[in-house]
Structures are given as C-alpha cells and as structure tokens.
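Q: Could you take me through a close look at the surroundings of the ligand, and then at how the helices and the sheet are put together? I am in my first year, so please go step by step.

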Amino acid sequence: MSNVAAQVPADHLMGVYNRAPVAFDRGRGVRLYTEEGVEYLDCMAGIATCGLGHAHPRLVDAVKRQAEKLWHVSNVFRIKEQEALAKRLTDASFADVAFFTNSGAEALECALKTARKYHHANGQPERIDVIGFDGSFHGRTYATINAAGNPSYVEGFGPRLPGYVQVKFGDHDALKAAIAAPTTAAVLIEPVQGEGGARAVPDHCLRGLRDLCTEHGVLLIFDEVQCGLGRTGQLFAHEWAREAQPDIMALAKALGNGFPVGACLATAEAAKGMTTGVHGSTYGGNPFAMAVALEAFDELSKPETLAHVREVAGYFAQQLEGLKARYPDVIVDIRGRGLLIGIKLVPNNRHFMVWARDEKLLIAGGGDNCVRLLPPLIITQAEAHEAIEKIERACETARTEMQKASPQ
Ligand SMILES: Cc1ncc(COP(=O)(O)O)c(C=O)c1O
C-alpha cells in the first residue's frame with residue numbers, strides 16, 4: 001500500500017482507462033477522423049456498439065426529430081416509444097416482456113434480479129446461485145463483476161458477493177453438477193464470449209445447456225450485449241443453435257448505436273416475480289433513447305442487413321485464414337462468429353493494436369492474447385479488403401519487431 005500522495009492527473013479523469021493517445025472529432029460510416037483530419041478505418045465500432053456505423057442518416061434524423069419533441073418523462077407514465085420497441089423486440093425473439101436500461105451492465109443487473117425473483121415467487125428463495133464461466137464479461141457493476149468472476153476486476157472491492165459460482169468454459173461435468181445443485185437459480189452465458197477473446201460456444205453445447213436447465217428448473221440467461229443484434233449474422237447469436245432459447249436475455253451496445261440503451265428481455269414466466277415496485281430506472285426507456293433504438297433496431301433486424309453480415313464475415317474469415325497461413329509466426333488462431341472476430345496472436349496483443357493503429361486501423365483487444373475485429377455491420381467488402389491489407393502490414397511490423405527482439 002503506497003503512502004505517497006496521489007497526483008492530480010492533467011485530464012482530471014479517474015485513471016481507470018488505458019487510453020490511446022488519439023482523439024476523434026467526427027465519424028461517418030466506418031471512418032473516424034481526428035481534428036487534424038487524419039482518417040482511420042474503424043474495425044472496433046466503439047466495441048461492437050456502432051453497428052450501423054457513424055452518423056447513420058436515419059439515426060441522425062431520429063435524434064433531431066426527438067430532440068425537438070420530447071426527451072424525458074418518468075416511467076410512472078406510459079411511454080409510447082417504449083411500448084413500440086418492446087413489441088418489436090418481443091415479436092422478434094423468444095421473449096414476452098422487456099425492461100429498458102441505459103447500459104449492458106444494467107440489463108444484466110435486471111436479468112440477475114429477475115432470475116432470483118422468479119424462484120422467490122415460486123417459493124424457492126434458496127435458489128440464488130448464478131453459474132458463470134471463466135473468460136466471461138458482463139459489465140462493471142458489483143453484481144456483474146461477481147457474476148463474471150474475473151479476479152482482476154473483483155480484487156480490492158471487498159468480499160465477493162455470495163451466490164455466484166464459476167465453472168471453467170467447456171468443463172461439462174462441473175457444469176452439470178452445478179446446475180443440479182438445489183440452490184442454483186440460473187446459468188449466465190455469452191453465446192459468443194466477447195472480451196474473453198471471441199470464443200463461440202458450440203451450438204450443440206448451447207442446446208445441451210438449454211435441456212439441462214429445463215430439466216433442473218434452472219433459468220438460462222444469455223448475455224447478448226456484444227454478440228446480439230446482428231453481429232454474428234443472425235439477429236441474436238443463439239439463433240445459430242436452433243432450439244436453444246433462453247428464459248432471459250440482456251442486450252445493449254448496438255441497440256442504441258452509441259446512444260446509451262440496454263434491454264432485459266424475458267418470458268412472462270421468467271419475469272413473473274418482477275411486479276410493481278421491485279425494479280426501476282430513471283432514464284431507462286425514456287422517449288429519447290427509445291426513438292433512436294426503434295430506428296436502429298429496424299435497420300439491424302432487416303434480413304438484408306443480416307445477410308450482408310454473413311457475406312462480409314465469410315470474406316473476412318477466408319482472408320484471415322490466408323494471413324494466418326502466411327504469418328504463422330504472428331497469428332495462432334482465427335475465431336469468433338460473424339463480425340465478432342478474434343485473432344489470437346504470438347506477439348503481445350496490445351503491441352499489435354498499436355501497430356494496427358499506425359496503419360490507421362482501429363481494432364479492439366481481447367482475452368487470451370487476442371485482438372478483436374468488430375467493424376460496423378455495414379462495412380463493405382472493399383472496406384473489409386482495406387482492413388485486411390492494414391492487418392497484413394501490421395503482421396509485417398510484428399514479424400520485424402519479433403525478429404529484432406530475438407535475432408536467430
Ligand atoms: C458481453 C457483455 N456484457 C455486458 C457488457 C457491459 O455493458 P456496458 O459496458 O454497457 O455496461 C459488455 C460490455 O462490453 C459486454 O461485452
């Protein structure tokens with residue numbers, strides 16, 4: 001423990017982010033520009049958030065229209081835009097009801113509370129345990145860091161919350177035993193792990209998980225904050241595994257395309273404990289957020305948007321496999337699903353992000369020494385080709401740097 005007095009940082013911001021020394025002034029489509037006019041190809045999209053790219057005309061219009069009409073009213077009144085979005089989301093999914101939030105973590109908070117309250121309403125208040133997986137990420141609230149259990153995110157914040165059980169990704173026996181425990185309330189899983197390094201849960205495992213949960217009266221929660229809303233080429237990532245619908249699902253990120261919106265969707269049965277007064281939010285689902293999300297959802301859910309994602313994702317996958325073959329000393333593995341792409345590297349992933357940025361390409365980091373490509377879903381094949389060329393040049397730099405560091 002240091003006794004040295006803290007320095008006030010020049011930017012007066014809490015130093016919780018490892019920020020790159022670059023600031024953007026404006027964006028359009030898949031491009032971001034600094035004040036000096038330097039152009040970057042954005043294959044990060046605010047970490048899978050700007051699915052429709054920057055300054056999408058339909059969303060700009062929606063913001064302008066709603067700004068002049070109505071920003072905010074309390075949830076103690078009916079909000080027509082909220083009802084409209086709830087109808088759209090539930091029509092398009094397994095769910096019957098929605099609760100709107102301002103972020104992904106809040107959507108997960110609602111999901112966790114909904115699951116525990118369900119068992120409480122069923123006369124089984126002892127069912128409080130939520131099973132999570134290593135490598136998962138569900139946000140930074142107290143509940144969500146405990147649910148994900150990443151040691152570096154929980155350390156220093158006092159005792160771990162009770163009721164969170166960790167299972168190793170892929171350890172089926174441990175998972176079966178945990179689900180069968182009489183205190184288990186729910187299983188929480190990302191159908192494709194994002195921050196964990198773009199790890200997709202195999203379809204048959206998702207189906208097996210669904211069956212096990214049903215058999216033991218345990219609720220299944222999908223965190224589709226990052227992998228949902230078209231990112232994998234299906235509206236929801238779990239749709240790839242037919243017959244593997246959750247009871248509860250968290251969404252956010254692309255739902256507002258950068259406007260802060262999240263949603264917790266649930267079946268009427270799973271949500272039966274969520275009665276008047278048990279949960280709420282000041283801003284969640286306000287007319288402003290809903291007006292933007294309605295337009296974004298309409299674009300994201302179009303069959304042609306999803307078909308486009310599958311097509312460009314196929315191109316990326318094929319090109320990246322080619323790069324892996326040409327740079328086996330740099331690239332270990334290509335993984336993920338759709339446009340949630342992971343590249344597992346030999347060199348340090350943070351260094352690789354800098355080499356990519358030197359090529360004016362923005363990519364995200366990820367667990368297991370991966371970098372993630374999370375471009376706007378509207379990226380064209382020509383733009384994807386440009387991204388591949390930049391990644392190839394970053395691979396060249398990586399090779400040169402690694403040779404310099406350990407010459408033969
Ligand atoms: C899978 C997943 N869940 C939850 C969250 C938390 O979302 P937010 O940062 O909006 O709270 C994230 C954010 O990266 C995420 O990727």
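A: Let's start with the shell around the ligand in this predicted model. Helix α4, residues 104–121, gives the largest share of that shell, with three residues. In total, 15 residues surround the ligand, and the closest are G104, A105, G139, V225 and Q226. Sorted by class, the shell holds six nonpolar, six polar and three charged residues.

Now to the sheet. It is an open sheet of seven strands, in the order β4-β12-β11-β10-β7-β5-β6, and its pairing is mixed. At the edges sit β4 (97–101) and β6 (164–167), each of which pairs on one side only. On average, neighbouring strands in this sheet are turned by 20 degrees against each other, direction ignored.

For one pair in detail, take strand β5 (residues 129–133) and strand β7 (residues 184–189): they run parallel and are joined by three bridges. If you want to find one of these in the structure, look for D129, whose bridge partner in β7 is T184. Two helices that pack on the sheet are worth finding next. Helix α3 touches β4 and β12 (262–266), and the direction of α3 makes about 125 degrees with that of β4. Helix α8 (residues 203–216) touches β7 and β10 (219–223), and its direction makes about 145 degrees with that of β10.

From here we can move to helices that meet other helices. Two packed helices are described by the angle between their axes and the distance between the axes. Try this on helix α3 (residues 80–91) and helix α9 (residues 287–300): their axes come within 8 Å and cross at roughly 30 degrees. The crossing of α3 with α9 is left-handed. On the α3 side, E81, Q82, A84, L85 and R88 take part, and they meet P287, M290, A291, A293, L294 and F297 of α9. By class, this contact has eight nonpolar, one polar and two charged residues.

Helix α9 also meets helix α2 (residues 57–67), with axes that come within 9 Å and cross at roughly 160 degrees. Angles over 145 degrees count as roughly antiparallel, and α2 and α9 are therefore roughly antiparallel to each other. Here α2 passes α9 in a right-handed crossing. R58, L59, A62, V63 and Q66 of α2 meet P287, F288, A291, V292, E295, A296 and E299 of α9. The contact of α2 with α9 has eight nonpolar, one polar and three charged residues.

Technical notes
Residues numbered from 1 in each chain as written. Predicted model: local features only at pLDDT ≥ 70, side-chain atom pairs only at ≥ 80, totals over all residues. Near = placed C-beta within 6 Å. Helix = DSSP H or I, 4+ residues; strand = E, 2+ residues; numbered from the N terminus. Nonpolar A, V, L, I, M, F, W, Y, C, P; charged D, E, K, R; others polar. Axes fitted to C-alpha atoms, helices over the stretch in contact; angles between N-to-C directions. Left-handed = near helix turned anticlockwise from the far one by under 90°. Contact = placed C-beta atoms within 7 Å. Parallel < 35°, antiparallel > 145°, perpendicular 65-115°, else oblique. Pairing = 2+ DSSP bridges.
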